[in-house]
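Q: Please take a close look at one sheet in this chain, and then place that sheet in the setting of the whole fold. How are its strands ordered, and what stands at its edges?

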Amino acid sequence: MSFLIVQSSFAQSKTITGRVTSSDDGTALPGVSVVVKGTANGASTDGDGKYTIQAAPGSVLVYTFIGMLSQERTVGVDNTIDVVLKSDAKALEEVVVTGFNIAQEQKSINYAVQSVSGKALEETRQQNVVNALQGKVAGVNIISSGGGAGEGASIVIRGGSSIDGDNQPLFVIDGIPVDNSSFQESTAPGAGSGFNGLLGRSVGSSNRAGDLNPDDIASITVLKGPAAAALYGLRAGNGAVIITTKKGVAGQTSVSYNAMFSFDQVNRLPEVQSVYKQGTNGVYDPTTRRSWGPKFLEGEPVYDNIGEFFQTGFKMNHSLSVSGGSEKTNFYISANHLDQGGVVPETEYEKNSVRVAGTSKFNDYLSFDGSANYLQTSGKRALQGPGLFGGTGGFLVSIFNWPLNDNMADWQNPDGSRRRLLESVTGDIDNPYFTVNKNPQTDRVERMIGNVGVTIDPTDWLKINYRLGSDVYTERTESVRSPGTSLINNQQGGLAVTVNQFQQYTSNFVVTADKDITEKIGVGLVLGNTVEQTETKGVDYLGLIFQNPDFVGLNNTTNRSVIQRNSLRRLIGAFGRVSFDYDNFLFLELQGRNDWSSTLPVKNRSFAYGSASLGYVFTEHLPLGSSSFLKFGKFNVSYAQVGKDSPPYRVSSPLTNNTFLGGGFRNNFFGGNPELKPETKASFETGLDFNFSKNNLRFNVTYYQDRTIDQIIAPRLSQASGFILQYINGGTVENRGVEAILSGTAIQKGDFAWDVVANFARNRSEVISIPFPLTEIYQSDSWIVPFARGSVFQGSSLSALGAMQYERAPDGQMIISSTGYPTFVDQKFTYAGDRAPDFTLQITNTFNYKNMSLSFLADIRKGGVVVNGNEATLVSSGLSNRTLDRYKKAVFPGVVAVTGADGKVTYVPNTREVELTESYYRNIMSVVGSDFIEDASWVRLRYVTFAYSLPTKLFGKIPFKNVELNATGRNLLLLTKYSGSDPETAAAGSGVRGGGSGGFDYGSVPGTKGVDLGIKLSF
């Protein structure tokens, strides 16, 4: 009987075909989900909007597509059902995911948020999510550490606000905060660079957001100010990056495969002189590496040591995803593999990701969802910048000190040992080829990000959600110093290993209500609680003197040391938000939160803050007809406060082992403060939002001003106090800025469309005050060249540059000494410019014609300074073109100070002629910052991407829904006055606190340009 029933049911089914188009312009809609209602039987439309599905007469077909109203059609006699979907007015107003996975209509949001689609991220072909945001969001400053394989990037919104704290925003994936830190040396008692030599700036480490697979991202929303991020509390005091991942959709199971193959080259290298060879004072000297010797003889070989060192990097990326589901259950599974070889020999980066996500709706009231993402990254890098603690520099610094009469590539003797340029073991810097082959710096991260949630919908206006999330990873870094190296204290071999374990667990309980209480008044309510625990455990190992020079391992070392460290932080928050909507034109929102932080003193660990915002849609009260150019206009204003706590263990002073003076314990470098209180940031924001011509054109402008007081900083003390750094509250920072966004369709005619998105931002940061009697607060992590460092001065910006400069007379003229050379005061650092730009402008153009698309991003930066530390090194070594005037006579423009008998100082013009000696270049010019601080302005073609989808008729019976071929060029054009490789650089890495390390170009991997070739298959 059952068999007959099944046969009868099967016999009733028939093949239904049709085409789905848009009511707006009649174009085909690919990817529309077509499902037989109440079943898992489904299909989706192809590139021409066509579909085929098996369905029985009387059954109902449900057609759904993002941005369109769903439609149902009953199967009747006809075998063809064509459907025209209408635009969803609410969808056109945009739904933005803000706090705790809560979706809000763009129209009801009264503060600055900006969203980027997954497709827009994909066009950049960047594998680091942070780099993919470059130029996509107004007011967001992203700086890549360099052009090395897998290097990290920093992100700062609206200029940052903390003098000594982390200014990067909070990252949130599907409602759960995740880590985006970069490797930094430990600050635990007795550990850190002084123990194993490793500095955060010794290698170009990745940031943890770079672990993510960009192909898993559906959209990113950037919450810019405290009002936007208030629900997330103190961790979002610098803004928040909200990542929404891809989910399965009801209908036929779909499979997508992306492959990309990339080629990278160094963008620009410095030009060097090839006139003078090795020596000093014009005489050949084999005991020095400097190029201050005699001129090359005619026919004498001149080696291109710089250009021949770098290679063409190759990268391949493979991504596979499978998704599908029914009306009640959906799933999404993805896998990704990235393998990258760097432009520096022997460097590489690998990334792997596997992600599983799903949603199950048990009934109309109860649903579950969850995801698990396994991530694994590994890198092999070269020592860069200043190298190890107390060292003489990484691979690029060595290249810039290598004379061109010697073939640097000839780095091994016939017996395999290191060929030395100089006989001195400690005076001879490691050959760069020896560095990359014998002294690798490796890292490996094993990471798991997961969350599970349950949602109860008791009514159509009330939702209760509980979500538990985790972010757990183990990071292992190894620094090898092979026997024969010139690295200090490691000449007989050394191995430093650091193992960090990071565990972050988050519990979120959120109740949301949204109900119209009258015909014109709607009320929304959010109440919630969050509990976070972050624990890090680390072990630092150091082994010195290899017993077997050909084997790398801690057990192969003679002297071994180990330090263990732990850190625990807990944060509890209670929050609420109430919003009112009057007649869909007036929107009022009030938010409040109280945090309890374990890192602050008991009396100060509980603190409350909140926000208020108002939005008025003034076009509702203007006499606008249907033909009016202006369709929508809104005015926003908001005020918000947010607190910010300290890192762990800043209240009490930790102890460390006393390895001198009889053992026992002693105070550590850091002095605690039992009176610490949270930083407080207050922000005012106002803006206008306009939509023109049926939403084709949108213009948004925002003005903001914020002030952060009670800064948690650690200025240096006299060591007689028992500490080197002391944590205090002090200092005030203010930011003021304007952001403008213009987006829309410039031309829409037939199959052709031209879309434009322009982002403009200008931020002015000012340090209103710093604690007396301090005149400068600097970040030691950004002090990578002797004559310049990241500093703040009262009245300067947060990203100010402090530098040793030539002395000046009251009228600004350079003071010349009685010997005829410019004067300077050693170790006197004064304000030398702002590393932040005056303004930025990014314009993305996208052209679509039938199956083809062309998109490119023009990136413009005006103003700011960059320190060319590489050029200073070249000047000192004698390789810079600036030194070609050596031994010539010159009179330095300036004045000479003359002290009269009455003690009064007057200034007379300098007329003394002097010789431009080696001593001048090495001991004056190259040690003063004035000659190496340059304009960081640029105009660059960030990327250009061309994509072509093959016509579906070419596939025949092959079940492809779409085949796309694409090609991308990255950084193909760079126009700048900067004489170095690339003014977009952060040589000290992406994890530097305060003003960061942007604007320092010294010893890191130069920026790259590249080409990507890819194919996308979906079926």
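**A sheet of three strands**

A: In this predicted model, three strands form an open sheet with mixed pairing, and their order across the sheet is β43-β49-β50. The edges are taken by β43, residues 815-816, and by β50, residues 905-909, and because each of these has a single partner strand, one side of each is left without a neighbour in the sheet. Strand β49, which covers residues 895-899, runs antiparallel to β50 and is joined to it by five bridges. Within that pairing, Thr-899 has Val-905 of β50 as its bridge partner.

Turning from the sheet to its setting, the chain holds 56 strands together with eleven helices. Of the contacts in the chain with a separation of 6 or more, 68% are between residues 24 or more positions apart. The C-alpha trace spans about 105 × 65 × 65 Å along its principal axes, and the radius of gyration of the chain, 31 Å, agrees with the value near 31 Å that a compact globule would have with 1019 residues.

Buried residues, meaning those under 20% relative accessible area, make up 54% of the 1019 residues in the chain. The accessible surface comes to about 42,600 Å², and carbon and sulfur atoms account for 57% of that area. As for charge, the chain carries 90 positive and 95 negative charges, whose mean positions lie 1 Å apart.

Methods:
Residues numbered from 1 in each chain as written. Predicted model: local features only at pLDDT ≥ 70, side-chain atom pairs only at ≥ 80, totals over all residues. Heavy atoms only, no water. Helix = DSSP H or I, 4+ residues; strand = E, 2+ residues; numbered from the N terminus. Rg over C-alpha atoms; globule rule 2.2 N^0.38 Å. Buried < 20%, exposed > 50% of the residue type's maximum accessible area, 1.4 Å probe, protein only. Contact = heavy atoms within 4.5 Å. Areas by Shrake-Rupley, 256 points an atom, 1.4 Å probe, with all protein chains shown as cover. Lys, Arg positive; Asp, Glu negative; His and termini not counted. Charge placed at Lys NZ, Arg CZ, Asp CG, Glu CD. Pairing = 2+ DSSP bridges.
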